[in-house]
Amino acid sequence: MRSAAIALPADLLPADGRFGCGPSKVRPEQVDALVAASRTVLGTSHRQAPVKRLVGAVRAGVAELFDLPDGWEIVLGNGGTTVFWDVATFGLVERRSEHLVFGEFSSKFADACAAAPHLAEPVVVATPPGDHPEPEPHADVDLYALTHNETSTGVAMTLRRPVGTDGALVAVDATSAAGAVPWDPAEVDVYYFAPQKCFAADGGLWIAACSPAAIARIESIAGGVRWRPASLDLGLALTNSRLDQTYNTPAVATLVLLEAQLRWMLELGGLAACAARCRESADHLYGWAESRWWASPFVADPAKRSPVVGTIDLDTTVDAAAVNTALRANGIVDTDSYRKLGRNQLRVGMFPAVDPDDIAALTACLDHLVDHHAEALEP
Ligand SMILES: *Cc1c(COP(=O)(O)O)cnc(C)c1O
């Protein structure tokens with residue numbers, strides 16, 4: 001039997017089969033919010049009060065979720081996290097950055113800085129996928145680039161300001177961790193992300209929570225002579241954000257989805273409650289994998305296993321591609337491993353929107369496949 005033809009028992013299926021790592025599951029209530037906004041906010045000017053109020057609610061909601069100290073500001077612009085890396089090369093790195101590289105996403109910001117003609121060659125500290133490096137303080141580094149959760153490998157790291165680096169900024173790519181993993185603002189200056197992961201919205205926006213030191217750096221570079229394209233100018237983004245606007249037209253529907261998710265996360269109990277919900281999903285997934293002879297967590301150190309992106313290696317006798325095909329035929333989608341990692345692996349998004357019961361249902365479906373359809377899953 002071909003795996004595409006396998007029908008899983010209906011009583012095993014999750015209520016919602018979306019386990020992708022971005023775009024990720026959108027809750028139906030967010031779509032209701034979109035419908036509710038359909039004649040008032042959608043299709044109206046982003047320079048008028050209704051859309052500005054929406055941007056203001058997003059900025060306030062993010063600050064509340066992270067319990068940010070006075071003086072922090074929420075800056076946003078168009079283009080998603082990838083564009084923010086370019087924004088940062090123009091408007092945040094003074095001269096030289098250091099990058100902790102432990103997967104695809106962390107390597108991309110390092111590449112952007114290495115290619116920027118106005119910056120010095122960055123310091124790159126790397127580990128193979130499945131682990132993360134520790135920062136190495138350097139006197140001439142003015143920005144340390146960390147990644148809270150490496151979505152390509154499922155490794156999460158605790159955020160700590162490297163010792164003896166006064167005056168340097170700590171900038172954290174938190175695209176997949178923001179909203180699910182606790183962090184201490186005292187250890188960070190710029191915590192940036194896009195809304196298509198924990199915030200369950202569409203992509204195309206970047207959001208950066210900035211400390212007073214980061215704001216001072218942005219204003220200092222913006223006041224200088226360095227050339228930067230207007231669309232990547234962090235100074236312009238800051239000025240516009242303070243007015244609850246973006247420099248150019250945003251996707252208003254994305255903002256509506258994001259604001260609805262923020263409200264839900266705050267009602268749930270804020271960051272601690274979201275973190276607990278993701279932790280429950282992750283504890284189940286990793287515990288399950290450890291108890292199956294044909295599955296195991298990819299990340300060896302339990303302390304580094306991500307609570308939002310679970311990477312599970314399969315035995316060579318169980319072909320992950322065949323498993324994913326069988327799951328997809330039953331409405332369970334996007335459990336594929338990161339393409340460039342090239343492992344026989346499943347990758348499971350466990351963002352706050354994902355119900356822990358659905359993670360349990362997913363593992364029950366995997367058990368059923370291996371228990372009843374092993375031949376169809378052979379490579
Ligand atoms: C998804 C992701 C990105 C890419 O985000 P885009 O908005 O598509 O640019 C970058 N970094 C991390 C850690 C991610 O998870």
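Which residue in S12 is the bridge partner of Asp313? Keep that question in mind while selecting strand S11, residues 309–314, in this predicted model.

With S11 selected, colour by accessibility: the strand is mostly covered, and six of its six residues are buried. In a regular strand the side chains alternate between the two faces of the sheet, and it is therefore worth viewing each side in turn. On one side are Val309, Thr311 and Asp313, on the other Gly310, Ile312 and Leu314, and all of these are buried, so that both faces of S11 are covered.

Next, add strand S12, residues 345–349, which runs antiparallel to S11 and is joined to S11 by five bridges. Here the opening question is settled, since the bridge partner of Asp313 in S12 is Gln345.

Then select strand S10, residues 295–297, which pairs with S11 in the antiparallel sense over three bridges. Within this pairing, Pro297 has Ile312 of S11 as its bridge partner, and Ile312 is one of the buried residues already visited.

Finally, turn to the cysteines, where a search of the whole structure finds zero disulfides. Select Cys210 together with Cys113: the closest cysteine sulfur to that of Cys210 lies in Cys113, 16 Å away, which is too far for a bond. Cys210 is also buried, with a relative accessible area of 2%. Cys274, the next stop, is likewise in no disulfide, and the nearest cysteine sulfur, that of Cys278, is 6.8 Å away, whereas a disulfide requires the two sulfur atoms to be within 2.5 Å. The relative accessibility of Cys274 is 0%, and Cys274 therefore counts as buried.

Terms used
Residues are numbered from 1 along each chain as its sequence is written. This is a predicted model: local features need pLDDT of at least 70, side-chain atom pairs count only at pLDDT 80 or more; totals for chains, interfaces and linings use all residues. Side-chain values use heavy atoms; hydrogens and water are left out. Buried means under 20% relative accessible area, exposed over 50%, partly exposed in between (1.4 Å probe, protein chains only). Helices (H or I, at least four residues) and strands (E, at least two) are DSSP runs, numbered from the N terminus. Two strands pair if DSSP finds at least two bridges between them.
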